[in-house]
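Hi,

Here is the structure I promised to pass on. Have a look at it first, and my notes follow below.

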Amino acid sequence: MTGTYLGMPAFPAFPAAAREAVRDEALRANLRHATHTIRDKRARAVAELADWDRLRAAGKAVKDHTLRHLDRYLLQLEAAVTAAGGTVHWAADADEANRIVTELVRATGEREVVKVKSMATQEIGLNEALEAAGIAAYETDLAELIVQLGHDRPSHILVPAIHRNRAEIRDIFRAEMAGWGRPAPEPLGDDPRELAEAARLHLREKFLRAKVAVSGANFMVAETGTMVVLESEGNGRMCLTLPETLISVVGIEKVVPTFRDLEIFLQTLPRSSTAERMNPYTTMWTGLGPSRGADGDGPTAFHLVLLDNGRTDTLADETGRQALRCIRCSACLNVCPVYERAGGHAYGSVYPGPIGAILSPQLRGTGSAIDASLPYASTLCGACYEVCPVAIDIPEVLVHLRERIAQGGPVTRAGVRVTLRPADGHTAERAAMRAARLLLDHPGALRAGERLLARARRLAPRRLPGAGRAWTDSRELPTVAAQSFRDWWARERSDPR
């Protein structure tokens, strides 16, 4: 139903991919250690703010307001960026965004770019598109560098190489750095300081010679045309200030109305992501700015590529649109029991974890095996909702998407309202729901069924047959009560005591 691309090759359904991942003991150990460490630090950082709940509600309100008036704020943003000396491009999908960026790089005559960590460019597969055009793209975020050198895929929003340990990173640096530029120093151990220094030396020469940089943005301010990038290593600031041409690819949902709105998110994002009170490097720029251009202070050309790629289709869904509030903090991944065991690659998207389970099927549609299975990659425990700094009710959207997959119904794809057919493999589920509805609509039949079940409780199996067998492989069926609640209530009310 959709051609939306999210930067991943064809992937099997989540259960098959997760089954393979949970057998990897090293992966599970890496994930368990990292996610528990990050979420414990986050909990302490959030607890320091007495008004955290009010900040969370304010962030939700700003995002909801912006999404309701997204067309107006995007046009205001375009006007502000243009007035400040930048150029705005509109990309309906990944192909168009990649074409725009490739043409902009070619126009400079350069054959390489340096990149700031960007989910949007991963989403559209920009590195691969540039490579096909003979342009080398170098990741400068440490974790993204590890992923790139390892010919790997990111598995976490904040820590893309979370599935790698120090020994694996050392081996990757030793084997691959020379093929991409400055080789790793010898001897190289697995001490974090040694690894960071090796990456620093490798990247420094790229920063100094690069003429073109590509970035994303955490936020865009409509009233001023200001771009905002938050990062922790300083590589972003190098990319955003040293090259002559800067190209930023940003999802249209990243806009906020006013500069004052940043006050909320510059408090909630660092604490929810890296568990820091204040972000180490927060870079803001508005077009070329008064000190840019002729004096050589910063890029002489700035291009903003506004990316749709399924976002307006998601916006059309009143329940599912709340996924567009996401500020990519990754707090939901770090508390999710499914992500902790299966890892990010099992989700088949650059957006893993709970947020990926609701965002990817909306951006791409549910026509593929992986996208039709993602809304079921959850226990619906609600931990993700509790930690979300913009109060995305992920369990609500998961149930909403499950209904869409099992029942079909109206949905917007490529701006057109269409009706989806029920997905294959859900016939028994639909039959069970119809039977339940029929039973609940007839109280007499429900009462009779409850009494019959109570009388036959000694015959209840310990394991379910057929499709239910997998569920009872690791769970015990609850014991059937001797009487229904209805009968117990009637007896208690009639008790003369």
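A disulfide here is a pair of cysteine sulfur atoms within 2.5 Å. By that rule, the count comes to zero disulfides. Cysteine 336 is in none, and its nearest cysteine sulfur, that of cysteine 381, is 6.5 Å away. Cysteine 336 counts as buried because its relative accessibility is 8% (buried is under 20% relative accessible area, exposed over 50%, partly exposed in between, with a 1.4 Å probe and protein chains only). Cysteine 239, at 1%, is buried too.

Before you go further: this is a predicted model, where local features need pLDDT of at least 70 and side-chain atom pairs count only at pLDDT 80 or more, while totals for chains, interfaces and linings use all residues. Residues are numbered from 1 along each chain as its sequence is written, and side-chain values use heavy atoms, without hydrogens or water.

Now the inside. The largest nonpolar core (buried Ala, Val, Leu, Ile, Met, Phe, Trp, Tyr and Cys residues joined through side-chain atoms within 4.5 Å) has 103 residues, and Phe173 is among the six that touch the most other members. Leaving aside neighbours within four places in sequence, phenylalanine 173 is in contact (heavy atoms within 4.5 Å) with residues including Leu142, Leu188 and Ala199. Apart from that core lies another, of 21 residues, Ala97 and Val305 among them.

One charged residue to look up: glutamate 340 is buried, at 10% relative accessibility. With the sequence neighbours within four places again left out, glutamate 340 is in contact with Leu31, Arg32, Thr35, His36 and Arg39.

Cheers
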